[in-house]
Amino acid sequence: MKAVHNHPVLADPALDDPVGQSLCGRHAPLARRIGKAATYLPDVTTFATVSPGSGPEAWEDLAALLGPGELADMFSSPADPPDGWAPVFSLDGYQMVHLGAREGSPVSEAATEPEAVVLGEDDIPDMLALIARTSPGPFWPRTHELGTYLGIRVDGTLVAMAGERLRPPGWTEISAVCTAPEARGRGYAGRLVNALVTRIESRGERPFLHVARANTAALALYERLGFEVRTPVTFRGFRTP
């Protein structure tokens, strides 16, 4: 998997710090901050950030913001914490950007029904149940407040979902792409991602997403949908001292 380097949008620095750029921009109403550190409100998401290039004082601000012994989910930030911050997880992945559908690689159109619908407050229990079954990544009771989430129901049961998460200037991240095991192979994930791409681009923004490097099936799907790797990333979390 090679990153692409010849498209002008790839140089946008907003993509280098998507959490920080979102928290100081369109997601500012969902932010908590102390000094040079910020994170999302509880039950929205666990992502946190420290000001790029700042020193140990920013990590002290983050520790004060989160409290002792709490998870600092640093997403794709390459910043290293000072001594005393215990590693919790590290996962290699990719940041991908949508550059247009690849010619000759259409997404299956076999699934034309049922219709994708916008998910809201009343759908939260079903969204959380699907997340628990499929484990696409972090999702909490208020994560849906980050953007629009779409779903597909079969006989009343939510079987597929995808939505908008981080929103740095000019961009919207597609996330929580998941399909129940019994509904896979019907093209639902591709339909939902394509629907979100259309929504995002209609606002004059560009879609991007993140995916675990080991998730080869998702990587193949996203490539067919017109996404290409911008850069490798490592998702990391630490325990505050």
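Does Asp43 count as buried, exposed or partly exposed, and what is its relative accessibility? In this predicted model, Asp43 has a relative accessibility of 43% and therefore counts as partly exposed, since that class lies between the limits of 20% and 50%. The residue is placed in the loop between β2 and β3. Its backbone also deserves attention, as phi of Asp43 is near 75 degrees, a positive value in a residue other than glycine. Most residues other than glycine have a negative phi.

The chain as a whole provides the setting for such local features. Five helices and 11 strands make up its secondary structure elements. For 241 residues, a compact globule would have a radius of gyration near 18 Å, and the chain agrees with this because its own value is 18 Å. The C-alpha trace spans about 55 × 45 × 30 Å along its principal axes. Of the 241 residues, 48% are buried. When contacts between residues at least 6 apart in sequence are considered, 72% of them join residues at least 24 apart.

The surface and the charges complete this overall description. The accessible surface of the chain amounts to about 11200 Å², and carbon and sulfur atoms account for 52% of that area. There are 22 positive and 29 negative side chains in the chain. The centres of these two sets of charges lie 3 Å apart.

Helix α2, which covers residues 56–66, gives a view of the interior. Its buried residues are Ala58, Trp59, Asp61, Leu62, Ala63, Leu65 and Leu66. The elements that cover these buried residues of α2 include β1 (31–34), β2, β3 and β4. After α2 comes Gly67, with a positive phi near 95 degrees.

The aromatic side chains offer another route through the fold. In total, six aromatic pairs are counted in the structure. One of them joins Phe47 and Phe75, whose ring centres are 4.7 Å apart and whose planes meet at 55 degrees, a tilted arrangement. This pair links distant parts of the chain, with Phe47 in the loop between β2 (37–40) and β3 (48–50) and Phe75 in the loop between β4 (71–73) and β5 (86–98), 28 residues apart. Phe47 and Phe75 are both buried.

A second pair is formed by Trp171 and Phe208. Their ring centres lie 6.0 Å apart and their planes stand at 85 degrees; this angle is over 60 degrees, so the pair is edge-to-face. Here too distant parts of the chain are linked: Trp171 belongs to strand β9 (residues 171–179) and Phe208 to strand β10 (residues 206–212), with their positions 37 residues apart in sequence. Trp171 and Phe208 are both buried.

Phe75 merits a closer reading. Together with Phe47 and Phe235, Phe75 forms one aromatic cluster. Phe75 lies in the loop between β4 and β5, and its phi is positive, at about 50 degrees, although the residue is not a glycine. How is Phe75 classed by relative accessibility, buried or exposed? With a relative accessibility of 4%, Phe75 falls under the 20% limit and therefore counts as buried. Asp43 and Phe75 can thus be read side by side: Asp43 has a positive phi near 75 degrees and is partly exposed, whereas Phe75 has a positive phi of about 50 degrees and is buried.

Notes
Residues are numbered from 1 along each chain as its sequence is written. This is a predicted model: local features need pLDDT of at least 70, side-chain atom pairs count only at pLDDT 80 or more; totals for chains, interfaces and linings use all residues. Side-chain values use heavy atoms; hydrogens and water are left out. Helices (H or I, at least four residues) and strands (E, at least two) are DSSP runs, numbered from the N terminus. The radius of gyration is taken over C-alpha atoms; the globule rule is 2.2 Å times the number of residues to the power 0.38. Buried means under 20% relative accessible area, exposed over 50%, partly exposed in between (1.4 Å probe, protein chains only). Contact means heavy atoms within 4.5 Å. Accessible areas come from the Shrake-Rupley method with a 1.4 Å probe; for residues, only the protein chains shown count as cover. Lys and Arg count as positive and Asp and Glu as negative; His and the chain ends are not counted. The place of a charge is taken as NZ of Lys, CZ of Arg, CG of Asp or CD of Glu. Rings of Phe, Tyr and Trp (its six-membered ring) pair if their centres lie within 6.5 Å; planes under 30 degrees apart count as stacked, over 60 as edge-to-face and the rest as tilted.
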